[in-house]
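Student: Can we go through this model together? I'd like to start with the sheet.

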Amino acid sequence: MRTHLVIPSVLLLGSLCATSACSSESSGTASSTTAGARPGSSSTVSSVRSVDPSKIKGLQLVSDNSESASCAWATSYPDVPGAGAMTDAMKKYVERRLQTFRSTCQGEDQRELNISHQFLVASGDVLGVRLTTRDGSAAGSGLSSGTYWYDGKAGAYRTPLALVADGSKDAFVTALKNQLKRREGTDADTVDEAFADRSNLTALIDDMTFTADGGLRVAFDQGDVGAPAAGSYLVTLSKATVDPWLSAFGRRAQHQTVQPSRSLDLGATSTPTAAAPTHEASGDDDTDCKRVRCIALTFDDGPAAPETATLLTYLAQYNARATFFTVGQNVVAHPDLVRAEARAGNEVGNHSWNHPDLTKLSSEQVAYQLNRTSAAIKAATGKAPTLFRPPYGAVNSAVRGATTLSPVLWTLDTEDWKYPDATKVAQYVIGTVKRNDVVLMHDIHPTSVAAVPEILRTLSARGYHFVTVSHLRATM
């Protein structure tokens, strides 16, 4: 366990203040969400209908990350009741990529792995999710994407190619090849070679999405069908073109994308959803940190269900306040928990949309990551955040210049992501904490949440007061 900064707390707090069958898309990133750029920014890309994940009953997001700037990684994928086979497929992919990354990353070159998720459709008996991966240890851009589909009617996980009927796959592939051969960076031989091995089609055509008007968008990663230097490729086939080729599942997936139902039903026997706590506290706090001992507990990467709800109950029992640095893709999934955080007198901060190292992004990408998350927080709480914590504590002048939010680091790192032991985490905080410390923890880990009661009980008895970061720096 370590202290992130070796400067005194006072200095730290001071710094905290501071219409054809195929669209004419050119090559470009299939999904740049992970990289921080605005997805689908090209004006030629047919729009993909957005999904409100907060409407998915029983949704849990499986999130994990390191807090090490070297060999940094952050992963997230959804676990939807009734879609266990699809969840297992995503889990297998994430674990394989993470294992490979950790085995090859030695820590000297500041590599990063980021796997984030996006819901494509969650309606009727159809679920579709895209995972976008940015792997700094991979060749080229390291950016790749893949889609996962679940057929609730059949109770089965489907690969993207299952959207097309078996008897129509040849016609579908021919249409893709004809469009790709017209693109800069490809030629007939390269494209034919990419599609030559029919046993590899499922792996090659692994990202398919319906657009809002019923067209079918197919994405190819860098180097899959053209010269690596040309980047990735998008092909969009119109609804009129693809309609004769769709499988029965494909037709239902298309329909639920274009005309979504009000709910998702995948046949789950139960969809347990933890209720958000209803604790309330005034936004005012009269604790004078010049006269009493204060510390700021901070929790990153949430909200998470049910962990955040449990944590809020613990805090309320001791009239303790904390600062939650929330991840945007989790905020939109669980806005009720973010509202509960604010309602209980806690502070809600910004921790980016999907936890990338912001120092590796352009200023535009940084702004997108933070602005999108701030908008989600404001939609949930009615108030925009004023603070942000850069993932991995990675911040520089370019990151600071891309936002008006104040950066917040920490003075005491529990490394609870590395040590999933509630007793160990609690004992470390109790034995190490000093007045005016900013303590880093994570509310996505059950063991970290389980450590909080002992921390609150023991330190309260020693005269410590638990305040938000903003209150701490305003009253020191």
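Tutor: Here is a short walk through the sheet, its helices and the largest cavity.

Tutor: The model is predicted: local features need pLDDT of at least 70, side-chain atom pairs count only at pLDDT 80 or more, and totals for chains, interfaces and linings use all residues. Residues are numbered from 1 along each chain as its sequence is written, and side-chain values use heavy atoms, leaving out hydrogens and water.

Student: How many strands form the sheet, and in what order?

Tutor: Six, in the order 1-2-3-4-5-6, as an open sheet with mixed pairing. Strands are DSSP runs of E, at least two residues, and helices are runs of H or I, at least four, numbered from the N terminus. Pairing takes at least two DSSP bridges.

Student: Which are the edge strands?

Tutor: Strand 1 (60–65) and strand 6 (156–158), each pairing on one side only. The twist averages 20° from one strand to the next. Axes are lines fitted to C-alpha atoms, for helices over the stretch in contact; angles run from 0 to 180 degrees between N-to-C directions.

Student: In what sense do strand 3 and strand 4 pair?

Tutor: Antiparallel, over ten bridges, between residues 112–123 and 126–135. Gln 118 stands opposite Arg 130 in strand 4.

Student: Which strands does helix 2 touch?

Tutor: Helix 2 (residues 84–104) touches strand 2 (72–79), strand 3, strand 4, strand 5 (143–151) and strand 6. Its direction makes about 175° with that of strand 2. Contact means heavy atoms within 4.5 Å.

Student: And where does helix 7 lie?

Tutor: Helix 7 (residues 248–258) lies across strand 3, strand 4, strand 5 and strand 6, at about 105° to strand 5.
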